[in-house]
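Morning, everyone. Two topics today: internal cavities, then one sheet. Please bring up the model.

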Amino acid sequence: MTSISKALGRIQPSATLAMSAKVSELKGQGVDVIGLSAGEPDFDTPDFVKEAAIQAIRDGDTNYTVVDGTPALKAAIIGKFKRDNDLTYAANQITVSNGGKHTLFNALVATLDEGDEVIIPAPYWVSYPDIVNFAGGTPVIVQAGADQGYKITPAQLESAISPKTKWLILNSPSNPTGAAYSAEELKALAEVILPHQNLMVMTDDMYEHIWYADFPFATIAQVCPDLYDRTLTVNGVSKAYAMTGWRIGYAGGPAWLIKAMAKLQSQSTSNPSSISQAAAVAALNGPQDFLIERNAAFERRRDLVVSMLNDTPGLECPTPEGAFYVYPDASGVIGKTTPKGQVIKTDEDLIAYFLDEAQVAAVHGAAFGLSPAFRISYATSEELLSEACTRIQRACSALT
């Protein structure tokens, strides 16, 4: 007789990955489905990054490396943090893992005991609460709706803090909303955090370079140096450099935490791929000008999708400040009836309707902790986005 662990029983499969799998299944059946559920750039990995990986293979750079990152990659990450964020780290303050999710997992599993609380603003990336639950912690969800730009306020943060609070997770720009905190907003949150000496901050900056706001990107350790020793600044090469499959995430933080994360990684995955690490060195140290061109393409797509969704009956779509997602409010269609007589009771019903009737795949808002809404990734061509939004418009117009 077999059974799964209690820890595994506390988590659910990723809703975004589940929808991506469904899209692949439908396409395999010949269905003309437009998949807007995956959080993956449609651009290719830059050629100079690919060439660095090929050269690493030719040079025989195919052995085990230091568990949490080669010296060369740690040096490149130190340079990136100084160049882009004015943050200074030593090599023993840098960790490299198998993607950003792995970095977050290591940090939370290494630090959480049963009953420890982690404040997670909602809408949130689907994995945050599940990783906390797996580690035995308690997610404390703080909802921030479209009316407040999908960003929590200092008053909300203060109300959520308790003697058991160990972490605050901040994701800016956000997955799923694209909302971004300004330096002034981060400073206001920092003022709340500072008196609580046992509270640490984990910043998920994965979408740092996919940015459209009229204010510069900032991260909390940068704008509040007093929180430097209590902040884990997480980033990676997946999104900006279109390297999702290469699986390299990294972070800078206090040496004691980095050491603890390395200890955990040494008994789980060991080092990330040596080839991927060589490619990441090239990505971080190489030319960055292509990011501007790609950002411009993402911004055009954003404007197209926001405009078309706001012209859709029952939907209201705020304009994101970064990343490549929109998160339209669907309150205006909840309670309506489909042509087949089904009542749209939840945003999950709405997403099922879009998939069935319009052959458009998105992800329901409940998966991100704030309903009724849904997430669309606009990391695809303008042609496909226009067609997908047209199908959504028709589907919503057919509701009564």
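Cavities of 30 Å³ or more: the count comes to 4. Keep in mind that this is a predicted model.

Take the largest cavity. It holds about 130 Å³ of space. Its lining is made up of 15 residues. Which of them lie nearest the centre? Pro 121, Pro 123, Tyr 150, Asn 171 and Ser 174.

Now the elements behind that lining. Two or more residues come from each of β3, residues 117-122, and β5, residues 165-171. The most comes from β5, which gives 3 residues.

What about the chemistry of the lining? In the largest cavity, 11 lining residues are nonpolar, 3 are polar and 1 is charged.

As a reminder of the general idea, rolling a probe the size of a water molecule over the atoms shows where empty space is left.

On to the sheet. This one is open, with 3 strands. The order is β9-β12-β11, and the pairing is antiparallel. Which strands stand at the edges? β9, residues 325-326, and β11, residues 363-364. Each has a single partner strand, so one side of each has no neighbour in the sheet.

Look at the pairing of β9 with β12, residues 374-377. The two strands run antiparallel and are joined by 2 bridges. For a residue to click on, try Tyr 325: opposite it, in β12, stands Ser 377.

In general, strands of a sheet pair through backbone hydrogen bonds, either parallel or antiparallel.

To recap: 4 cavities of 30 Å³ or more, and an open antiparallel sheet of 3 strands. Over to you.

Terms used: Residues are numbered from 1 along each chain as its sequence is written. This is a predicted model: local features need pLDDT of at least 70, side-chain atom pairs count only at pLDDT 80 or more; totals for chains, interfaces and linings use all residues. Side-chain values use heavy atoms; hydrogens and water are left out. On a 1 Å grid over the protein atoms alone, a cavity is a set of points where a 1.4 Å probe fits but cannot get out, and a pocket is an open set with protein on both sides within 12 Å along at least five of seven lines; lining residues have an atom within 4 Å of a point. Grid points are joined across faces, edges and corners, and a volume is the space filled by probe spheres set on the points. Helices (H or I, at least four residues) and strands (E, at least two) are DSSP runs, numbered from the N terminus. Ala, Val, Leu, Ile, Met, Phe, Trp, Tyr, Cys and Pro count as nonpolar, Asp, Glu, Lys and Arg as charged, and the others, Gly among them, as polar. Two strands pair if DSSP finds at least two bridges between them.
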